Amino acid sequence: MEKSDLTKDFSDNNNEILSLEKIRDFEYGENPHQKASLFKSEKLMDYEILNGGELSYNNLLDIDAAVSIAGEFYDVSAAVIVNHTTPCGVALGKDINEAYLKAFDCDPVSAFGAVIAFSRAVTEKIAKHAADVSLEVLVAPDFTPEALNLLLQNKNLKLVRLKTPLRMYNSMLSREIKVTPFGTLVQEPDTKQLDKDTFSVVTKTKPDAQMIENMVFAWKVAKHVKSNAIVVAKDFKTLAVSGGQTSRIDAVEIALNKACDGAKDAVIASDGFFPSADNIQAAAQCRIAGIIQPGGSIKDSDVIEQADKYNIVMIATGIRHLKH
């Protein structure tokens, strides 16, 4: 293995040296004019490529984004569709077939060329549907023999079998590193989990158990969306995902416009607090039933007052999940 010259002190006593070993070079990075390489992480997910050849730089970025969300739902049937590291369809189902079809229905257009991660083995039913769609990668704990026989007919479709259990994903993360001309930034990964027994319902209208579960679902997805992040969800299915916007109200309006009539009685999850009540007014116009957000704005009282005015349930988590 080739040693890189990238080292960085990072630990409680500031004497740990991070030394990376090169695994291989990519044909190119995000774009054809960028050279790129893959280095060992401190902990590595174990996986097997079953079809389609080596994974590209962008493949691995998207796979990481998709698997990180699927890892939030490792104990249920979940399907996660990602394009350009952004989820465009996430859903839970009574089985993996239902989860996949629900996730695909969220945004079939954005699913073109996407990476899809599953929390359960890919079935023949999923394979038949996927065979008619232009996809880049399917990643799952396993593939049934019937599914594999169908999927192997497409030599360009990359199939990845995860050998490391999804429940282990968070424990594989030790740090995040960003190299800039101003210095190398190192931080702990954002693995903070929502404790629904300690968050606060701050409105007069209270949620029922089903709404809470849908809010938690949306919150877990929003955690993985680039800030400003807004997720609209209902029945354990994303209806719209808006990320990377420079204002919270823009993110809200884009998501609501995309959800359209489906927003009625849906919930909204926000990765950051609402800085003003206009966000609540926009949600009310689309008949949103509930909102889950960190709280902590100087305008919290105005925001809560607007939620009460429109009988919208609001939960404040006290946990922010900004993603730059």
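Two strands are said to pair if DSSP finds at least two bridges between them. In this predicted model, strand β13 (residues 230–233) and strand β15 (residues 267–270) meet that condition with 4 bridges, and they run in the antiparallel sense. One of the contacts can be followed residue by residue: Val232 has Ile268 of β15 as its bridge partner.

These two strands belong to a wider arrangement. An open sheet of 6 strands, with mixed pairing, is laid out in the order β12-β17-β16-β15-β13-β14. Its edges are formed by β12 (200–201) and β14 (238–242), each of which pairs on one side only.

Attention now turns to the aromatic rings. The whole structure contains 5 aromatic pairs. In one of them, the ring centres of Phe26 and Tyr57 are 5.7 Å apart; because their planes meet at 85 degrees, and angles over 60 count as edge-to-face, the pair is given that name. The two partners are 31 residues apart and lie in distant parts of the chain, with Phe26 in the loop between β2 (21–25) and β3 (37–39) and Tyr57 in helix α1 (residues 57–70). How buried or exposed are these two rings' residues? Phe26 has a relative accessible area of 10%, so it counts as buried, whereas Tyr57, at 29%, is partly exposed.

Another pair joins Phe73 and Phe217, with 5.5 Å from centre to centre and 45 degrees between the planes, and this pair is tilted. Here too, distant parts of the chain are linked: Phe73 sits in the loop between α1 and β5 (77–83), Phe217 sits in helix α6, and 144 residues separate them. Phe73 is buried, with a relative accessible area of 5%, and Phe217 is buried as well, at 1%. Together with Phe236, Phe73 and Phe217 make up one aromatic cluster.

Phe73 also appears in the description of a pocket. The second largest pocket has a volume of about 390 Å³. It is lined by 19 residues, and those closest to its centre are Glu72, Phe73, Asp75, Val216 and Lys220. Which helices supply at least two residues each to this lining? They are α5 (169–172) and α6 (209–222), and α6 gives the most, with 4 residues. By character, the lining divides into 10 nonpolar, 3 polar and 6 charged residues. Helix α6 thus features in two parts of this account: Phe217 of the tilted pair lies in it, and it contributes to the pocket lining.

Methods: Residues are numbered from 1 along each chain as its sequence is written. This is a predicted model: local features need pLDDT of at least 70, side-chain atom pairs count only at pLDDT 80 or more; totals for chains, interfaces and linings use all residues. Side-chain values use heavy atoms; hydrogens and water are left out. On a 1 Å grid over the protein atoms alone, a cavity is a set of points where a 1.4 Å probe fits but cannot get out, and a pocket is an open set with protein on both sides within 12 Å along at least five of seven lines; lining residues have an atom within 4 Å of a point. Grid points are joined across faces, edges and corners, and a volume is the space filled by probe spheres set on the points. Ala, Val, Leu, Ile, Met, Phe, Trp, Tyr, Cys and Pro count as nonpolar, Asp, Glu, Lys and Arg as charged, and the others, Gly among them, as polar. Rings of Phe, Tyr and Trp (its six-membered ring) pair if their centres lie within 6.5 Å; planes under 30 degrees apart count as stacked, over 60 as edge-to-face and the rest as tilted. Buried means under 20% relative accessible area, exposed over 50%, partly exposed in between (1.4 Å probe, protein chains only).
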